[in-house]
Structure formats: structure tokens, C-alpha cells
Amino acid sequence: MAEVVIVPSAAAAGVLVAAEIVALIRRNRESVLGLATGSTPLPVYEALRAQVGDLDLSGVRGFALDEYVGIDPSHPESYRSVITREVVEPLGLNPAQVRVPDGSLAGIEHAGEDYERAIRDAGGVDLQILGIGTDGHIGFNEPGSSFASLTRVKTLTQQTRADNARFFDSVDDVPMHCITQGLGTILRARHLVLLAFGAGKAAAVAGAVEGPVTASLPGSAIQLHPHATIVVDEAAAADLRLADYYRYTFDNKPAWQGL
Ligand code: PGA
């Protein structure tokens with residue numbers, strides 16, 4: 001089953017996950033990171049900046065989960081811009097080694113396949129950071145997404161557009177379509193680390209971790225993965241039936257195991 005770690009705050013989650021990423025890069029300087037956007041992963045990136053010290057990041061490669069379709073890459077809320085601003089620049093990663101799905105209209109028909117090939121050519125993702133939407137999406141795989149899906153164009157739900165309206169002038173400015181790694185793509189990553197904070201995520205987290213495995217709640221795909229870690233604050237953990245067991249398990253975990 002997925003391992004659930006309940007932490008006191010988003011900042012504490014960031015420190016924990018960043019330490020795992022640093023350990024990964026120490027083992028392999030050419031590690032491949034799966035990068036998420038949105039508010040949730042920001043504490044991880046912040047903690048990483050604090051923890052990298054003199055670690056050599058020049059070999060690190062990265063693949064973002066998703067991008068809006070038809071947005072100008074230079075738009076401040078394109079995921080290309082967000083990844084550049086929040087991850088590539090602050091950590092000093094090589095921008096040529098960090099890819100975001102290409103949401104340009106020209107060539108969109110084969111952008112998904114191109115992205116899948118690039119991930120394969122890089123040897124696959126070692127550690128995939130994930131957030132979860134209030135509707136249970138991971139990446140932009142909205143409810144109903146096939147567990148076998150690969151990178152492709154999807155239509156955002158009205159719920160997701162409303163959730164993301166805070167990044168734009170109005171909900172009407174949130175693009176209608178996106179290109180996202182599929183659930184099948186995400187499940188190929190060697191380690192999934194899903195983070196969620198706040199009461200608004202409690203139902204989605206409980207459904208993903210303890211509910212039935214169903215395309216109606218795409219986050220439940222994590223139950224099919226041999227190495228998935230869920231890091232949540234108390235508010236996001238509020239609906240978990242086995243919360244005490246998760247706490248007990250983590251408190252008694254051998255230190256050598258890492259996350
Ligand atoms: P958020 O989004 O981190 O901004 O809450 C999560 C998601 O939609 O996957």
C-alpha cells in the first residue's frame with residue numbers, strides 16, 4: 001500500500017521531500033525528476049534551495065507533468081514559465097535538461113508522443129512529485145482518465161478552471177485544454193511522492209489512498225504503484241480512516257529506508 005506520512009505543516013513536508021530528492025541526486029547526479037506545478041510543490045522547491053548546498057545539480061534532468069494548450073510560453077502562468085521561475089532558475093538547473101510538454105497549437109497532434117519519447121530516452125522518471133486536485137486529478141488527468149493513458153491533450157473540468165482562476169485575471173482566461181502526462185506515464189515513474197495540504201484536499205486524499213481504485217478518482221492510481229509516498233498535513237489527512245496506523249508506521253520506520 002502507499003505509505004502515508006502526516007506532517008505538521010507544508011513547510012515540514014517540503015523539508016522531508018527535499019531531503020529525499022537530495023539523497024537521490026547524491027546517489028545519481030543524473031537523476032530524472034518529475035516536476036509538478038500549482039501551489040502544493042512550492043515548499044519542496046523552497047526547501048531544496050536551502051538543502052542543495054554545494055551539491056552538483058548540473059546533471060539533473062526534469063520533466064513537468066503538464067502544460068496549458070495554446071498559452072504563450074512566455075505568459076507568466078504558462079507551466080514553462082512557472083517551472084523556470086520556481087525550479088530551474090532558483091536551483092540553477094540546466095534549462096536545456098528540463099522539459100515541459102509543448103502546448104503550442106502547431107504540432108499539438110504529436111506533442112504527446114514526442115514527450116513520451118523524451119521521457120523514455122532519459123531513462124524514465126526517478127521521483128515524480130505530484131499534487132492532487134480537489135476533484136482527484138493528478139497531473140491534469142481529470143476524472144474518467146484511463147489508467148493506461150499516456151501524454152495527451154485533455155479538456156479541463158470547470159472545477160479545475162475555477163480552482164486555477166486565481167492565477168489568471170478571470171476564470172475565462174484559464175485555458176480550456178491542457179497537455180498532460182497520462183496516468184500510465186505517471187505510474188512508470190520509479191517513486192511517486194504525492195503532497196496535499198489543507199482541508200480542501202481531505203476528501204480527494206482519502207479517496208485516493210483508501211477509496212476504490214477508480215478512474216473516477218484518478219489519484220487512486222497511486223494504489224497500483226509499488227512505491228508511492230503520500231505526504232499530507234493534518235487538515236488534508238482529516239478524512240483518513242487509518243491515520244493512527246500511518247503515524248504509528250512512520251514513527252517506527254527504520255531510518256535506512258528513507259521515504
Ligand atoms: P494546487 O493544485 O497544488 O495548486 O492545489 C494541485 C493540482 O491541481 O494538482
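1. Let's start with Y248. You'll find this residue in helix α8, which covers residues 243–251. Is Y248 buried or exposed? Its relative accessible area is 56%, and anything over 50% counts as exposed, so Y248 is exposed. Keep in mind as you read on that this is a predicted model.

2. Y248 also has company on the surface. Together with L242 and Y245, Y248 makes up a nonpolar surface patch. The area of that patch is about 330 Å². Try colouring L242, Y245 and Y248 in your viewer to see the patch.

3. Now for the largest pocket. How much space does the largest pocket hold? The answer is about 410 Å³. Its lining is made by 22 residues, and the ones closest to the pocket's centre are G38, I132, H137, N164 and K201. Helix α5 (residues 158–164) provides the largest share of this lining, with 3 residues. Sorted by class, the lining of the largest pocket has 11 polar, 7 nonpolar and 4 charged residues.

4. On to the cavities. How many cavities of 30 Å³ or more are there? The count is 2. The largest cavity has about 40 Å³ of space. Around it you'll find I21, I25, L33, L48, V52, L57, V60, L91 and L93. What classes of residue make up this lining? There are 9 nonpolar residues, with no polar and no charged ones.

5. The second largest cavity comes in at about 30 Å³. Its lining residues are A36, T37, G38, P41, L42, Y45, V82, I83, E86 and V87. Two elements, α2 (42–51) and α3 (79–91), each give two or more residues to this lining. Of the elements, α3 contributes the most, namely 4 residues. By class, the lining of the second largest cavity splits into 7 nonpolar, 2 polar and 1 charged. One residue to look at twice is G38: G38 lines the second largest cavity, and G38 is also among the residues closest to the centre of the largest pocket.

6. Next, salt bridges. Side chains of opposite charge can pair when their charged atoms come close. How many salt bridges does a search of the whole structure find? There are 10. The next three points pick out a few of them.

7. Take D56 and R29, whose side chains form a salt bridge with an N to O distance of 3.0 Å. These two are 27 residues apart, so to speak in distant parts of the chain: D56 is in the loop between α2 and β3 (61–64), and R29 is in the loop between α1 (10–27) and β2 (32–35). D56 is partly exposed, at 39% relative accessibility. R29 is also partly exposed, at 38%. There is a third partner too, since R29, E30 and D56 are linked in a network of salt bridges.

8. D114 and R117 give you another case. Their side chains meet in a salt bridge, with 3.5 Å from N to O. Where do D114 and R117 lie? Both are in helix α4 (residues 108–121), 3 residues apart, which is about one turn of the helix. D114 counts as partly exposed, with a relative accessible area of 26%. R117 is partly exposed as well, at 37%.

9. R190 and D126 form a salt bridge too, and their closest N and O atoms are 2.8 Å apart. This pair links distant parts of the chain, with their positions 64 residues apart: R190 is in the loop between α6 (183–188) and β9 (191–196), while D126 is in the loop between α4 and β6 (127–130). Which of the words buried, exposed or partly exposed fits D126? Its relative accessible area is 14%, and under 20% counts as buried, so D126 is buried. R190, on the other hand, has 43% and is partly exposed.

10. Last, have a look at S145. This residue is in the loop between β6 and β7 (152–155). With a relative accessible area of 1%, S145 is buried. S145 and T214 are 69 residues apart along the chain, and their C-alpha atoms are separated by 9.4 Å.

Notes. Residues are numbered from 1 along each chain as its sequence is written. This is a predicted model: local features need pLDDT of at least 70, side-chain atom pairs count only at pLDDT 80 or more; totals for chains, interfaces and linings use all residues. Side-chain values use heavy atoms; hydrogens and water are left out. On a 1 Å grid over the protein atoms alone, a cavity is a set of points where a 1.4 Å probe fits but cannot get out, and a pocket is an open set with protein on both sides within 12 Å along at least five of seven lines; lining residues have an atom within 4 Å of a point. Grid points are joined across faces, edges and corners, and a volume is the space filled by probe spheres set on the points. Ala, Val, Leu, Ile, Met, Phe, Trp, Tyr, Cys and Pro count as nonpolar, Asp, Glu, Lys and Arg as charged, and the others, Gly among them, as polar. Patches are made of residues with over 30% relative accessible area and no salt bridge: like charges are joined within 9 Å, nonpolar side chains (Val, Leu, Ile, Met, Phe, Trp, Tyr) within 5 Å. Accessible areas come from the Shrake-Rupley method with a 1.4 Å probe; for residues, only the protein chains shown count as cover. A salt bridge is a side-chain nitrogen of Lys or Arg within 4 Å of a carboxyl oxygen of Asp or Glu. Buried means under 20% relative accessible area, exposed over 50%, partly exposed in between (1.4 Å probe, protein chains only).
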